[in-house]
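Please read the following report alongside the sequence and the coordinates. It takes up strand pairing, then the nonpolar core, then confidence.

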Amino acid sequence: ETVRGIFDETGLETSSIKLDQREKTAQIGGNFATQGDFSLRNDFPLRDTAISNPNILFLYLDSKLRQDARFFARVRAFYDPTGTASGGSGSLSNLYGAGGNKNVKVSLQELKYSANIDRKIFLTVGRQKVKYGTAKFFNPTDFLNSQPLNFFLPSDERPGVDMVKAHIPSGVANFYAAKMVENLSSSGNPGGSYFRGEVAYD
């Protein structure tokens, strides 16, 4: 990577490189997926063929702050113009007749702030995605999420858990303590606390 800047008489680089560094402290991105489905039936005319067009958009903001602090937000938006996902029915003769604002669903997946105390205790506050265990079809250690994982989806689309989490690394061991905030209406997770320890060995 080539970095261009302006140098003063002492040979030190001036504000141009500082501007480049500030531009790299925040990132905005996401991904978009769309799908089209239709079904044919012998007892229905072609113009009444049932169709659906679900669209999913993920957007995220990742900002690095001073003293190794970090802010992260992730939003999921869903829209089906045919209205099939919200209980309507789309067809070739009426592609968007059932569409509307009711077919738009926006949910906050993650909203968290991370900081540390003397780089010995690492704290994360807010809605965060935590999944213990790597199993996809059956994962009994995934006890934090009240919603089961839908393994038919390519990614985990469950919202995060509202919690305050502390991580204390110690040599080959890691210790975690967390306090979960009850939020049954949004993320569906009950309140509670837990402690966790990990030790590596040969």
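## Strand pairing and the sheet

In this predicted model, strand E7 (residues 104-117) pairs with E8 in the antiparallel sense, and 7 bridges join the two. One residue that can be placed in this pairing is Ala115, whose bridge partner in E8 is Leu123.

The two strands belong to an open sheet of 8 strands, which are paired antiparallel and follow the order E1-E4-E5-E7-E8-E9-E10-E11. Strand E1 (26-34) and strand E11 (192-199) form the edges of this sheet, each of them pairing on one side only. From one strand to the next, the twist averages 15 degrees.

## The nonpolar core

The largest nonpolar core consists of 8 residues, namely Val130, Tyr132, Leu144, Val161, Met163, Ala178, Met180 and Tyr194. Strand E9 (161-170) and strand E10 (173-180) are the elements that contribute two or more residues to this core.

Tyr194, one of the core residues, is in contact with Tyr132, Phe143, Leu144, Met163, Lys165, Tyr176, Ala177, Ala178 and Met180, when its neighbours within four places in sequence are left aside.

## Confidence

For the protein, the mean pLDDT is 77, and 74% of the residues reach 70 or more. Among the elements, strand E8 (residues 121-128) has the highest mean pLDDT, at 95, whereas helix H1 (residues 15-23) has the lowest, at 44.

Over residues 1-20 the pLDDT stays under 50, and for this stretch the model has 16 contacts beyond four places in sequence. Where pLDDT is low, the predicted coordinates should not be read in detail.

Key. Residues numbered from 1 in each chain as written. Predicted model: local features only at pLDDT ≥ 70, side-chain atom pairs only at ≥ 80, totals over all residues. Heavy atoms only, no water. pLDDT = per-residue confidence, 0-100. Helix = DSSP H or I, 4+ residues; strand = E, 2+ residues; numbered from the N terminus. Contact = heavy atoms within 4.5 Å. Pairing = 2+ DSSP bridges. Axes fitted to C-alpha atoms, helices over the stretch in contact; angles between N-to-C directions. Core = buried A, V, L, I, M, F, W, Y, C linked by side-chain atoms within 4.5 Å. Buried < 20%, exposed > 50% of the residue type's maximum accessible area, 1.4 Å probe, protein only.
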